[in-house]
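Student: I would like to examine this chain through a short series of questions. Please show the sequence and structure.

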Amino acid sequence: MTIFRSKERLACLRRLLPLVLLWCVVLAVAVGMLAAWQYRDLASELEQEGTLLHRLVSQRVSQHDAHLTALSAIASAATDSKHDLFLEVAQSIERFYPRIDDIQLVPLDSDVRGTGLKSLPSAEAQQIRAAAHASTGQVVLMADADHADHYVMIKRSPNTDAALYGLMLAVDARALIAEAAPFWSMPNVMLQLSLPDGHVLVGEAQVPAVLQFKKTIANTSQPLVLTVGYTVSWADLLPPWPTVLVLSSVSVLYLVAVIAWRQRGSVRAAMTQARLSALESRLAHASRVNTLGEMASGLTHELTQPLTAILAQAQASRRILDKGQSEMLATVLNDTVTQARRASAILERFRQWSNPQRTPSIVFDVREALENVRALLAPQAAACNVKVECRTLPVPAFVRADPVEMEQVMFNLVRNAIEAVADQGPEGRVVLALAGDGERVVFEVSDNGAGISDEVRSKLFTPFATTRAGGMGLGLALSQRLVESAGGEIGLVGSTQGAVFRVVLPRQPTPTEVKS
């Protein structure tokens, strides 16, 4: 019982294993799709926030150009040497734009440090003059040596070859991105702002991120480079609650699909079984009808010979009475009784085929059955001028079977052989041979007729298959059934020069009656 249950569990596991593996594959695909979806959302969010920040920085740096233009115009139009108006405007700019932390106006033709918001060292004043002299009209952009996150803009004023001043604007790059969205304060978001030459003003020198967004500020005088990045982790790709929700939903849907698929399979199996049952019923009915027809045809086939013999003997009896030879009448009547009993036995055998149990078989000497058949068919052989040779065993050959059934088999084979050579006249020859050893008895019927073609041979033992005019094709089929019911074999062993049929039966050592 334990082994049986273990086998049942093992079989159940084998059936469930493909479903579990498919479930794992479906979950893996769902997780992959969720991760791809989250990755796309993160990339889209980074690009969207980066675009907004780029737009904000672009707007702010454009204001610097406007400040430089206004300050240059004020400096060029000033008549006083102290540039009071310039300083007043510069202070207003610093007050309203905190990212601009210094403005300087440096004369180009003297060593005066210039006018500005803060005290300007001479070295920086010389640097501004040199940059203004080297300018070809474009704003010079460079890093602030004293402040790592600052840059300066230097422009000549007026912006001609006859320039009088060098105008400098110092900008706090970190203040450019101040008041940006809270997105940029997240720990896994990277931000970098650098000069066109690669000098980093804000952020790290490298942006080690999986997702990156890099764009140059669209400003001629300040083409700063904005680089943003996002370090993606598994927690970002697979958030806990969405992941649990997706896996649960997919599992439920998979379970519903499996149940529906199995239910559909069960319905299909039930429909198929119903069709098969209906088909089996029709086939069983057809088989019963065919069997009934076969039995009726076989009955007609087998009763023809004894009834013909009875008719012939009755006619012979009448002729004997007419001649007054009453002493011969007893012999003819005895033969008539024998044929009547044979017909009765045949009817009894066909009746037994419809019963679940057969009548008892007995052990008898098959030589007696062969002698009865030879004597019964001797008149037909003589009428056809066919020579019948009988080779039998010198000792009894006992087999376990029904004697009447074996006589029917021998009768069919011998009669077929006689009919096969009937058109040859005196040349026609039929040999009946009975042989055997300690285990079997072999009965062979051979003739020197035309033989049997391969086409006929393939359906030789099929019911209703015959090549004889007026034949019903049941003799060999019935003979095969009778021989096999006795545990023997029947077959065609030669068909080139005539035909040779062989019947093999198990040999019995003693003639004891045994019920089957």
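Student: Does Leu-22 count as buried, partly exposed or exposed, and what is its relative accessibility?
Tutor: Three classes apply: buried means under 20% relative accessible area, exposed over 50%, and partly exposed in between (1.4 Å probe, protein chains only). Leu-22 lies in helix H1, where helices are DSSP runs of H or I with at least four residues, and strands are runs of E with at least two, numbered from the N terminus. Leu-22 counts as partly exposed, at 46%.

Student: On what kind of model do these values rest?
Tutor: This is a predicted model, in which local features need pLDDT of at least 70 and side-chain atom pairs count only at pLDDT 80 or more, while totals for chains, interfaces and linings use all residues. Residues are numbered from 1 along each chain as its sequence is written, and side-chain values use heavy atoms, with hydrogens and water left out. The kind of model is thus predicted.

Student: Where in the chain is confidence lowest, and where is it highest?
Tutor: The pLDDT is the predictor's confidence in each residue, from 0 to 100, and the chain averages 82. The lowest mean, 72, belongs to helix H7 (residues 329-353). The highest, at 93, is found in strand E5 (residues 165-172).

Student: Which helix contributes the largest share of the largest nonpolar core?
Tutor: A nonpolar core is a set of buried Ala, Val, Leu, Ile, Met, Phe, Trp, Tyr and Cys residues joined through side-chain atoms within 4.5 Å. The largest one has 41 residues, and Leu-46, Ile-103, Tyr-151, Leu-224 and Tyr-230 touch the most other members. Nine residues, the largest share, come from helix H1 (residues 2-77).

Student: How many residues form the second, separate core?
Tutor: Ala-397, Val-441, Leu-476 and Ala-499 are included in this second core. Its size is 40 residues.

Student: Which residues are linked with Glu-389 in a network of salt bridges?
Tutor: A salt bridge is a side-chain nitrogen of Lys or Arg within 4 Å of a carboxyl oxygen of Asp or Glu. Glu-389 meets Arg-391 at 2.9 Å, N to O, and the closest N and O atoms of Glu-389 and Arg-429 are 2.6 Å apart. Because Arg-429 lies in strand E13 (residues 429-436) and Glu-389 in strand E11 (residues 387-391), this pair ties together parts that are 40 residues apart in sequence. The residues linked with Glu-389 are Arg-391 and Arg-429.
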